[in-house]
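Me: I should like to understand how the terms used for a protein structure are justified. Please explain the reasoning behind each one.

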Amino acid sequence: MINKVIARSIGSAILALVIVSMIGCGANTPASELNDNVQHAPSGNKPEEVKTTIASSPLESWVGEYEFSEYAPPDQNRFYRISIYKEDKSYYATIDIDGFQTMGRLQAQVEGDGKAIKIIFDKYLPDNLWEPYSAGDVLLRLEKTDSALNTFWEKIQPMLKDDGESGKTYFEAAARSS
């Protein structure tokens, strides 16, 4: 019986070595195990020069932080922060609006393409004070041009009437820390 156990252990060890050596030599992974967003594109004639490229969504260029602030003398401020992120295969935004008698905490879905997006209300997050939006409301739209990021106000409106004109630049990409 001890001989059978030893033989099985040696057989398992040999199988493990074969698998490790196949991986080390660049053996192809079966297509069923590849991620949906990964494509293999050969860069030359040698099999070991296969590069992995990730097919990204046009919405990927929107991932990040966007900020806008307003000030009304003598002491009223309002700060807007939109954080766009990807979760699974969908894009979302959290929106924080802080200011005089204001604390908005929202989650929204992001739809669109590389040039324009709609931010669509999904739900309220903890610490939110007021609940004026319903699921599916378009909160605002953002559009990229060659030189600007234009805001189109929808259900979310700025505090100041002077900032209420749609199609102008209000939000800017937040500085990224390295």
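**Strand S9 and its surroundings**

Reply: In this predicted model, Leu-149, Thr-151 and Trp-153 point one way from S9, while Asn-150 and Phe-152 point the other way, and all are buried. In a regular strand the side chains alternate between the two faces of the sheet.

Me: Why is Asn-150 called buried?

Reply: The term buried applies under 20% relative accessible area. Asn-150 has 12% relative accessibility, and therefore it counts as buried. Asn-150 belongs to strand S9. Leaving aside neighbours within four places in sequence, Asn-150 is in contact with residues including Arg-141, Leu-142 and Gly-167.

Me: What makes S9 largely enclosed by the rest of the structure?

Reply: Five of the five residues of S9 are buried, so the strand is largely enclosed by the rest of the structure.

Me: How do you know that S9 and S10 pair?

Reply: Pairing requires at least two bridges between the strands. S9 and S10 have two bridges, in the antiparallel sense, so the requirement is met. Thr-151 stands opposite Lys-168 in S10. S8 and S9 pair in the antiparallel sense over five bridges, and a hairpin of four residues joins S8 to S9. Here Lys-144 stands opposite Leu-149 in S9.

Me: What makes S10 and S11 edge strands?

Reply: The open sheet has nine strands in the order S10-S9-S8-S7-S6-S5-S4-S3-S11, with antiparallel pairing. Strand S10 (168-169) and strand S11 (172-173) each pair on one side only, and these are the edge strands.

Me: Why is the link between Asn-150 and Thr-169 called a polar contact?

Reply: The N or O atoms of such a pair must lie within 3.5 Å. The side chains of Asn-150 and Thr-169 are joined at 3.3 Å, so the distance satisfies the cut-off.

**Salt bridges**

Me: Why is the pair Arg-141 and Glu-154 called a salt bridge?

Reply: The cut-off is within 4 Å, from a side-chain nitrogen of Lys or Arg to a carboxyl oxygen of Asp or Glu. The closest N and O atoms of Arg-141 and Glu-154 are 2.9 Å apart, so the pair qualifies. Arg-141 lies in strand S8 and Glu-154 in the loop between S9 and S10, so the pair ties together parts that are 13 residues apart in sequence.

Me: How do you know that Asp-96 is partly exposed, and is Arg-105 buried or exposed?

Reply: Buried means under 20% and exposed over 50%, with partly exposed in between. Asp-96 has 26% relative accessibility and therefore counts as partly exposed. Arg-105 has 17%, so this residue counts as buried. The side chains of Asp-96 and Arg-105 meet in a salt bridge of 3.7 Å, N to O.

Me: Which residues are linked with Arg-81 in a network of salt bridges?

Reply: Glu-65, Glu-67 and Arg-81 are linked in the network. Arg-81 forms a salt bridge with Glu-67, the closest N and O atoms being 1.8 Å apart. Arg-81 is in strand S4 and Glu-67 in strand S3, 14 residues apart.

**The nonpolar core**

Me: Which residues touch the most other members of the largest nonpolar core?

Reply: This core has 27 residues, of which Ile-82, Ile-119, Leu-139, Ile-156 and Phe-171 touch the most other members. The elements that give two or more residues to this core include strand S3 (64-72), strand S4 (76-87) and S9. In soluble globular proteins, nonpolar side chains tend to be buried together.

Notes: Residues numbered from 1 in each chain as written. Predicted model: local features only at pLDDT ≥ 70, side-chain atom pairs only at ≥ 80, totals over all residues. Heavy atoms only, no water. Core = buried A, V, L, I, M, F, W, Y, C linked by side-chain atoms within 4.5 Å. Buried < 20%, exposed > 50% of the residue type's maximum accessible area, 1.4 Å probe, protein only. Polar contact = N/O pair within 3.5 Å; in protein donor to acceptor, adjacent residues only side chain to side chain. Contact = heavy atoms within 4.5 Å.
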